[in-house]
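Ready to get to know a new structure by working through it? Grab the viewer and try each task before you read its solution.

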Amino acid sequence: MESKLISQEWKKCNVTTSGKDKIVQQASLRKKISEHFVSKAHKLAVEHAKILKKQTSTACIDKMNEKFISSTTRIFNTVYSLAKRNRPFSDIESVIELQVKNGLDIGTGLHSRHSESKIVEHIAQETKKELFISIIKNNLKIGTVIDKASTISSKSTLTVFIKVESSTVASSEISPIIFVDIVELDAQDANTIFQSLLGVLLAVGFDTNYLKLNLIGFCSDGASVMLGCKSGVSVRIKEMFPYVIIWHCLNHRLQLVLDDSIKDIKQVNHFKVFMDKIYCIFHQSNKNQKELNDISQELSLDIIKIGRVLGPRWATCSLRSALAEWRNYPAFVYVVLF
């Protein structure tokens with residue numbers, strides 16, 4: 001223990017030389033320094049200093065990381081709140097300004113609406129990943145619901161949903177329907193649609209073995225490319241996944257029945273021709289639209305846009321659409337007559 005103690009000479013910085021001339025004094029100092037470097041006390045002091053330096057850096061970095069993580073978490077929570085309430089990302093600036101005034105530390109970055117869109121995308125991807133991992137882990141049965149749609153640029157797309165069937169869901173409750181993805185189609189044939197659907201399901205974590213055991217339903221509209229009995233998408237799915245049940249969408253079937261029914265009603269056909277003509281007149285001419293708006297103001301009416309009527313993409317039986325026709329009808333008649 002004696003050898004591990006620092007001498008008073010070194011402790012109080014009173015190291016002195018021996019000898020009278022300079023050469024002897026320098027030799028004496030070099031000897032004392034050499035002996036001190038190899039002493040156990042010096043080695044312990046050096047090791048202790050390294051440990052303290054390392055601990056200080058680590059603690060400092062951890063403290064900084066904790067601060068950054070805390071501020072980033074506040075930003076993520078704020079963005080998630082805006083997205084959940086369907087608020088525009090431009091609101092983020094005023095919300096952050098309010099939080100700063102309330103004394104919250106929200107950092108200096110991730111404050112723009114472009115950053116918020118990336119944050120929402122990240123949250124959605126992580127949530128989606130956890131959701132499908134949970135479905136696969138619990139070995140739940142699923143059914144697919146698909147539909148074709150066209151973008152504003154007239155590109156064909158495929159929208160994919162899955163319906164999850166779980167024993168934990170009560171009989172009075174509706175099984176959840178989850179949006180999976182929307183993909184652009186290179187072609188609209190059955191093989192392209194089938195490969196796109198399979199690619200979407202594989203991309204979210206389902207493998208072929210899981211789908212063979214747990215894919216129990218396929219639903220789409222009644223287009224021949226979807227439900228064709230010889231080479232439709234349903235036939236290809238049935239060949240690969242034998243337990244699947246093919247189902248024609250009931251909403252689409254109801255619309256087809258309604259379309260067939262109104263063909264036998266003369267008055268409805270007259271109304272359909274009238275609305276189609278009105279649509280063509282005002283949809284393609286800004287001048288006519290302005291005239292219609294002026295007349296509606298004279299009649300104290302609010303024009304409600306309803307689009308083309310009595311087609312498979314128009315909710316004919318909806319109360320909102322019926323009220324739109326009822327309220328717009330006087331202005332339409334006035335334009336046609338005068």
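Below are six exercises, each with a worked solution. A word on the ground rules: this is a predicted model, where local features need pLDDT of at least 70, side-chain atom pairs count only at pLDDT 80 or more, and totals for chains, interfaces and linings use all residues. Residues are numbered from 1 along each chain as its sequence is written, and side-chain values use heavy atoms, with hydrogens and water left out.

**Exercise 1. Find where N86 and N139 sit, and work out how exposed each one is.**

Step 1: Start with the backbone. N86 isn't a glycine, yet its phi is positive, at about 55 degrees. N139 also has a positive phi, near 55 degrees, and is likewise a residue other than glycine.

Step 2: Place them. Helices (H or I, at least four residues) and strands (E, at least two) are DSSP runs, numbered from the N terminus. N86 lies in the loop that runs between helix 3 (40-84) and helix 4 (92-101). N139 belongs to the loop between helix 5 (113-137) and strand 1 (141-150).

Step 3: Check the surface. Buried means under 20% relative accessible area, exposed over 50%, and partly exposed in between (1.4 Å probe, protein chains only). N86 counts as exposed because its relative accessibility is 70%. N139 has 47%, so it is partly exposed.

**Exercise 2. Track down the aromatic pairs that involve F206, and say what kind each is.**

Step 1: Know the rule. Rings of Phe, Tyr and Trp (its six-membered ring) pair if their centres lie within 6.5 Å; planes under 30 degrees apart count as stacked, over 60 as edge-to-face and the rest as tilted. The whole structure has 3 aromatic pairs.

Step 2: Take F132 and F206. Their ring centres are 5.6 Å apart and their planes meet at 85 degrees, so this pair is edge-to-face. The pair joins distant parts of the chain, 74 residues apart: F132 is in helix 5, while F206 is in the loop between helix 6 (190-203) and helix 7 (208-214).

Step 3: Now take F206 and Y210. With centres 5.4 Å apart and planes at 20 degrees, this pair is stacked.

Step 4: Put it together. Ring pairs link F132, F206 and Y210 into a cluster. F132 and F206 are buried, and Y210 is buried too.

**Exercise 3. Locate the 2 salt bridges and see how their partners are spaced.**

Step 1: Set the cut-off. A salt bridge is a side-chain nitrogen of Lys or Arg within 4 Å of a carboxyl oxygen of Asp or Glu.

Step 2: Look in helix 4. E97 bridges to K101, with the closest N and O atoms 3.7 Å apart. These two are separated by about one helical turn, because they are 4 residues apart in helix 4. E97 is partly exposed at 45%, whereas K101 is exposed at 65%.

Step 3: Move to helix 5. K129 and E126 meet at 3.7 Å, N to O. They are 3 residues apart, so again about one helical turn separates them. K129 is partly exposed at 45%, and E126 is partly exposed at 31%.

**Exercise 4. Which residues of helix 10 are buried, and where do they lie around its axis?**

Step 1: List the buried ones: Q255, D259 and I262.

Step 2: Look down the axis. The buried residues fall within an arc of 75 degrees (taken from the directions from the helix axis to the C-beta atoms), so they line one face of helix 10.

Step 3: Check the other side. There, L250 and L254 are exposed.

**Exercise 5. Where is V244, and what does it touch?**

Step 1: V244 is in the loop between helix 9 (233-240) and strand 5 (245-248). At 0% relative accessibility, V244 is buried.

Step 2: Contact means heavy atoms within 4.5 Å. Leaving aside neighbours within four places in sequence, V244 is in contact with residues including L215, F218 and I237.

**Exercise 6. Which residues have the most contacts inside the largest nonpolar core?**

Step 1: A nonpolar core is a set of buried Ala, Val, Leu, Ile, Met, Phe, Trp, Tyr and Cys residues joined through side-chain atoms within 4.5 Å.

Step 2: The largest one has 32 residues, and I135, L158, I162 and F206 have the most contacts inside it. Helix 6 gives the most to this core, with 7 residues.

Step 3: Zoom in on I135. Not counting residues up to four places away in sequence, I135 touches several residues, among them I162, F206 and Y210.
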